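User: I'd like to go through this model with you and ask how each label was earned. Could you take me through the reasoning step by step?

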There are 2 protein chains.
Amino acid sequence: MEKREKIADWFQDLQSDIISQLEKEDGKGKFGSEKWERPGGGGGLTRLLVGGNVIEKGGVNFSAVFGETPKPIQQSFKTEAKDFFATGVSIVIHPENPWVPIIHMNVRYFELSNGQNWFGGGIDLTPAFVFEEDGRFFHQSLKNACESFDYQSYNTFKETADNYFFIPHRNETRGIGGIFYDRMEAVDDKQFDKLWLLTQSVGSAFAPIYTQLMSKRKNLIWGEKEKEWQLHRRSRYVEFNLVYDAGTKFGLETNGRTESILMSMPPLARWESNYFPKEETEEWKSQQFFRKGITWI
Amino acid sequence: MEKREKIADWFQDLQSDIISQLEKEDGKGKFGSEKWERPGGGGGLTRLLVGGNVIEKGGVNFSAVFGETPKPIQQSFKTEAKDFFATGVSIVIHPENPWVPIIHMNVRYFELSNGQNWFGGGIDLTPAFVFEEDGRFFHQSLKNACESFDYQSYNTFKETADNYFFIPHRNETRGIGGIFYDRMEAVDDKQFDKLWLLTQSVGSAFAPIYTQLMSKRKNLIWGEKEKEWQLHRRSRYVEFNLVYDAGTKFGLETNGRTESILMSMPPLARWESNYFPKEETEEWKSQQFFRKGITWI
């Protein structure tokens, strides 16, 4: 079996595993299944859960696509390589309870027929209400996952996430960040193994982290006030994804599967003009965390 | 008084006039007032209404800004002209009742210190539920407004609106279109007067058109089903504005006033994956109108 098939198989198993763990923690919701094929080669499995106990809307998607390298990819990678292969798992979970954070994960592998290959991935958290202890737990878990790669990588990937998940027109971050690495090229076999180990480590870290956060916060009582703040924060999520997210933009511009790409949209979002929380409220305290450069651990 | 001051004055009067007519038809809501200044020169008056009888959220904004030509404008207009002047009125109204359409209007004038000047404008309608007679009335009123310019212009501007207010990744239009014209350069005084007449005609057409539509539909009873469809259609409004709208992108990229630019966002929007209305329902019938090239008159 080729390396790339092993990677795709591992990703597909990861998808199943994450889904079982999420369903177990949710206690009610079941992920639907939609298989799709890409006309040019390959396909994927979209798994969507709507209306669970905890998860209001969540998608856990796997894809492995290949074929002739599309023009925009050639341009983006400054290559003329004829064929490409790309596989990955992509997750966005929107919980109903405003005390439970939104989470996003992506792990991916990309290969060109000229022999070049790259890994990318990351996990980031978008709480409406920030619990400092959850933030510390989240970042510490990511640091642990990165240590399989090397001891400095968490700091680098954390900074990349801070810079990436930033909304310039609001001058705030989308949430409390996490880790993000993109287009890390495996220049030799050793580097390949290391990057693949890192990517597996990040993928495997997702379910334990998120089910713990779900479990800890899912039974907290919330009311209209908390829901309003959540819907407000979700509007920022929408703004980030539609205006800045590179994957979303690239997907929409290259005629990707719109429903899969925009699975990341929240089920409901609210825009209120000139809405700023009053000082010293819980909302205001959380807002103070939506900036770059916070040291969590 | 310079021409450009006359234009700005006329726009400011238009803003007041539209606001009185909208408040009268709404019957309850009052527009708030926020004056702002632009550090580099000029400023504006943002007028926002939230929670009216008919208007859930509506903005009617005036601005007149000038000063050193910002780099992105120089690039966009391929000019090195040192100074610029821009004035306009911009409107987005989100009604609460799903039977009442969203409306958008913009009229503007732009001038460079090298003597070049341009007009732009348009009105377009985004109903959740399409009433054919309202669509005909709307387009006929726009045609009438355009005839002050010339007899062919409606067709051209209507086609421009069809192409502009289109969401490629959904393969649908944002609503039922209207008219749109952009960067029409006044190459001599005669052309200037003609374009100014057109722009006044479009601006003046707004209030009579929209108050009539409000009046006709505001008392129709609606329930959860209609609200769901409206919230769904609003998500498409968000997608268009954040992904494609040139004014929004340009504003956000050039550090414009975020709250003014994103005043166009709906108060609440809903994303449901794989949501397509069942055949022969009212929602499905309306969906059939969200495409280019419909002849309304």
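**How the labels are earned**

Analyst: Happily! Let's start with one residue: B:N53 has 15 other C-beta atoms within 10 Å and is partly exposed. Please keep in mind that this is a predicted model.

User: What makes B:N53 partly exposed?

Analyst: A residue is buried with 20 or more such neighbours and exposed with 12 or fewer. The count for B:N53 is 15, so the residue falls in between and is called partly exposed.

User: Where is B:N53 found, and which residues does B:N53 touch?

Analyst: B:N53 sits in the loop between β2 (42-50) and β3 (55-68) of chain B. Not counting residues up to four places away in sequence, B:N53 touches B:D26, B:G27, B:K28 and B:G29. B:K218 is 165 residues from B:N53 in sequence, yet the C-alpha atoms of the two are 8.7 Å apart in space.

User: Why is A:N171 called exposed?

Analyst: The limit for exposed is 12 or fewer C-beta atoms within 10 Å. A:N171 has 10, so A:N171 counts as exposed. Its place is in the loop between β7 (166-167) and β8 (172-173) of chain A.

User: What is the phi of A:N171, and why point it out?

Analyst: Phi of A:N171 is near 50 degrees, a positive value in a residue other than glycine. It is pointed out because most residues other than glycine have a negative phi.

User: Which loop holds B:N274, and how do you know that B:N274 is exposed?

Analyst: B:N274 lies between β10 and α9 (282-287) of chain B. With 11 C-beta neighbours inside 10 Å, B:N274 meets the limit of 12 or fewer, so the residue counts as exposed. Phi of B:N274 is also positive, near 50 degrees.

User: Let's turn to the whole chain. Why is chain A called as compact as a globular protein of that length?

Analyst: Chain A has nine helices and ten strands. The radius of gyration is 19 Å, close to the 19 Å that the globule rule gives for 297 residues, so chain A is as compact as a globular protein of that length. Of those 297 residues, 44% count as buried. Among contacts in chain A with a separation of 6 or more, 68% are between residues 24 or more positions apart.

User: Which residues touch the most other members of the largest nonpolar core?

Analyst: Those are A:I179 and B:I179, in a core of 134 residues. Leaving aside neighbours within four places in sequence, the contacts of A:I179 include A:L142, A:C146, A:Y154 and A:F157.

User: How do you know that the two chains have the relation of a two-fold axis?

Analyst: A turn of 180 degrees with a shift of 0.0 Å along the axis lays chain B on chain A with an RMSD of 0.0 Å. That is the relation of a two-fold axis.

User: And why say that the copies meet through the same surface?

Analyst: Because 100% of the interface residues of chain B are also interface residues in chain A. In the contact, 23 residues of chain B meet 23 residues of chain A. On the chain B side, α6(B) gives the largest share, five residues. By class, that side has 13 nonpolar, five polar and five charged residues.

User: What makes β10 of chain A and β10(B) a pair?

Analyst: Pairing needs at least two bridges. Three bridges join these antiparallel strands, so they pair. A:A269 stands opposite B:A269.

Terms used:
Residues numbered from 1 in each chain as written. Chains lettered and ligands numbered in written order. Predicted model: local features only at pLDDT ≥ 70, side-chain atom pairs only at ≥ 80, totals over all residues. Core = buried A, V, L, I, M, F, W, Y, C linked by C-beta atoms within 7 Å. Contact = placed C-beta atoms within 7 Å. Helix = DSSP H or I, 4+ residues; strand = E, 2+ residues; numbered from the N terminus. Nonpolar A, V, L, I, M, F, W, Y, C, P; charged D, E, K, R; others polar. Rg over C-alpha atoms; globule rule 2.2 N^0.38 Å. Least-squares fit on C-alpha atoms with pLDDT ≥ 70 in both.
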